[in-house]
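Me: Can you go through this one with me? I'd like to start with the charged pairs and then move to the surface.

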Amino acid sequence: METLGREVKQQEQKKTNVRKVISVVKKYTEMPQLEAAILREFVEQIRVSDT
């Protein structure tokens, strides 16, 4: 039962994330150019590693 509860929470979080992305995309369906402010809305973080 505990595993099922965790799975439900994960799925709810995924649904929330998808809704947020869709809302941002709808704001910028016709952007003439990519600007820093727009990019910041789409990119939460960038990770660089030495591999």
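Reply: What follows goes through charged pairs, rings, a surface patch and a pocket. Keep in mind that this is a predicted model.

Me: How many salt bridges are there in the whole structure?

Reply: Two turn up in a search of the whole structure.

Me: Which residue does Arg6 pair with?

Reply: Arg6 makes a salt bridge with Glu2, and the closest N and O atoms are 3.3 Å apart. Both residues belong to helix 1, which covers residues 2-27. They sit four residues apart, about one turn of the helix.

Me: Is Glu2 buried or exposed?

Reply: Glu2 counts as exposed because its relative accessibility is 60%. Its partner Arg6, at 46%, counts as partly exposed.

Me: And what does Lys27 meet in a salt bridge?

Reply: The side chain of Glu41, with an N to O distance of 3.1 Å. Lys27 is in helix 1 and Glu41 is in helix 2 (residues 36-42), so this salt bridge ties together parts that lie 14 residues apart in sequence.

Me: How accessible are Lys27 and Glu41?

Reply: Lys27 has a relative accessible area of 52%, so it is exposed. Glu41 has 36%, so it is partly exposed.

Me: Why can side chains of opposite charge pair at all?

Reply: They can do so because their charged atoms come close.

Me: OK, rings next. How many aromatic pairs?

Reply: The count comes to one aromatic pair. It is formed by Tyr28 and Phe42, whose ring centres are 6.2 Å apart. The planes are at 55°, so the pair is tilted.

Me: Where do Tyr28 and Phe42 lie in the chain?

Reply: Tyr28 is in the loop between helix 1 and helix 2, while Phe42 is in helix 2. The two are 14 residues apart, and the pair links distant parts of the chain.

Me: Is Phe42 buried, exposed or partly exposed?

Reply: Phe42 is partly exposed, with a relative accessibility of 38%.

Me: Changing topic. Which residues make the nonpolar surface patch?

Reply: Val21, Val25, Met31, Leu34, Leu39, Phe42, Val43, Ile46 and Val48 make the patch, which is about 850 Å². Helix 1 and helix 2 each supply at least two of the residues in the nonpolar patch.

Me: Where does Val43 lie?

Reply: Val43 is in the segment after helix 2. Its relative accessible area is 33%, so Val43 is partly exposed.

Me: What volume does the largest pocket have?

Reply: The largest pocket has a volume of about 190 Å³.

Me: Which residues line the largest pocket?

Reply: The lining consists of Asn17, Lys20, Val21, Val24, Glu41, Phe42, Val43 and Glu44. Helix 1 and helix 2 each provide at least two residues of that lining.

Me: Which helix gives the most to the lining?

Reply: Helix 1 gives the most, with four residues.

Me: So where have we already met Glu41 and Phe42?

Reply: Glu41 is in the salt bridge with Lys27. Phe42 is in the ring pair with Tyr28, and Phe42 is also one of the residues of the nonpolar patch.

Me: Last one. How many Å apart are Glu2 and Arg47 in space?

Reply: They are 33 Å apart, C-alpha to C-alpha, and 45 residues apart in sequence.

How values were computed. Residues numbered from 1 in each chain as written. Predicted model: local features only at pLDDT ≥ 70, side-chain atom pairs only at ≥ 80, totals over all residues. Heavy atoms only, no water. Salt bridge = Lys/Arg side-chain N within 4 Å of Asp/Glu carboxyl O. Buried < 20%, exposed > 50% of the residue type's maximum accessible area, 1.4 Å probe, protein only. Phe/Tyr/Trp six-rings, centres within 6.5 Å; stacked < 30°, edge-to-face > 60°. Patch = residues over 30% accessible without salt bridge, like charges linked within 9 Å, V, L, I, M, F, W, Y side chains within 5 Å. Areas by Shrake-Rupley, 256 points an atom, 1.4 Å probe, with all protein chains shown as cover. 1 Å grid on protein atoms, 1.4 Å probe; cavity = no way out; pocket = protein on both sides within 12 Å on 5 of 7 lines; lining within 4 Å. Points joined across faces, edges and corners; volume = space filled by probe spheres on them.
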